[in-house]
Amino acid sequence: MTSPEAGLAAERTALAWRRTAIGCMANLLLFVRVAFTREFRPVVILAVVAMVALAVVTVICVRRSAVLHSHRKGNWSNGKRSITAFAVAIAAVVATALVISIAYSVSAT
C-alpha cells in the first residue's frame, strides 16, 4: 500500500515533466526562428535537427507526465526508458547548439 505522500510526490514530478515540456517547446520556437531567418544552409539543417530532438523530448515529457497523473496510484513505472531517451535527445540538442555557435563564429570571420 502506498502512502498519500507518494501520490503527492508523483503529482509534483508530473508537473515538473510538464514544465520541462513547456520549456522544450519554447526552445523549439527559438530554433524555428534560427531555421527561417538564416541563409547559411548548415545552420538551417542543424536547427531542424535540434527541432526534431526537442519535439521528441516534448513528447517524452508529456507522456511521462500522463503516466504519473494516472489514477492508478502506486502503479507508476520507474521511467528509466523515458529518462534515458530524454538525456540522449537533450545531449543531441546541446551538441547541435554547440555546432551552430561554432558555425556562426566561423562564418562571421
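This briefing describes the fold, the core and the cysteines of one protein model. The model is predicted: local features need pLDDT of at least 70 and side-chain atom pairs count only at pLDDT 80 or more, while totals for chains, interfaces and linings use all residues. Residues are numbered from 1 along each chain as its sequence is written, and side-chain values use heavy atoms, leaving out hydrogens and water.

**Fold and surface**
- The protein has three helices and zero strands, where helices (H or I, at least four residues) and strands (E, at least two) are DSSP runs numbered from the N terminus.
- Along the sequence the pattern reads α-α-α.
- Among contacts (heavy atoms within 4.5 Å) with a separation of 6 or more, 74% join residues 24 or more positions apart.
- About 7,200 Å² is exposed, and carbon and sulfur atoms supply 69% of it; accessible areas come from the Shrake-Rupley method with a 1.4 Å probe.

**Core**
- Of the 109 residues, 27% count as buried, meaning under 20% relative accessible area.
- The largest nonpolar core (buried Ala, Val, Leu, Ile, Met, Phe, Trp, Tyr and Cys residues joined through side-chain atoms within 4.5 Å) holds 22 residues, of which F31 and A47 touch the most other members.
- Helix 1 (4-37), helix 2 (41-69) and helix 3 (80-108) each give two or more residues to this core, and helix 2 gives the most, with 10.
- Apart from neighbours within four places in sequence, A47 is in contact with F31, V34, A35 and I100.

**Cysteines**
- The whole structure has zero disulfides, a disulfide being a pair of cysteine sulfur atoms within 2.5 Å.
- For C24, the nearest cysteine sulfur is that of C61, 5.1 Å away.
- C24 counts as buried because its relative accessibility is 6%, and C61 counts as buried at 0%.

Note on methods. Buried < 20%, exposed > 50% of the residue type's maximum accessible area, 1.4 Å probe, protein only.
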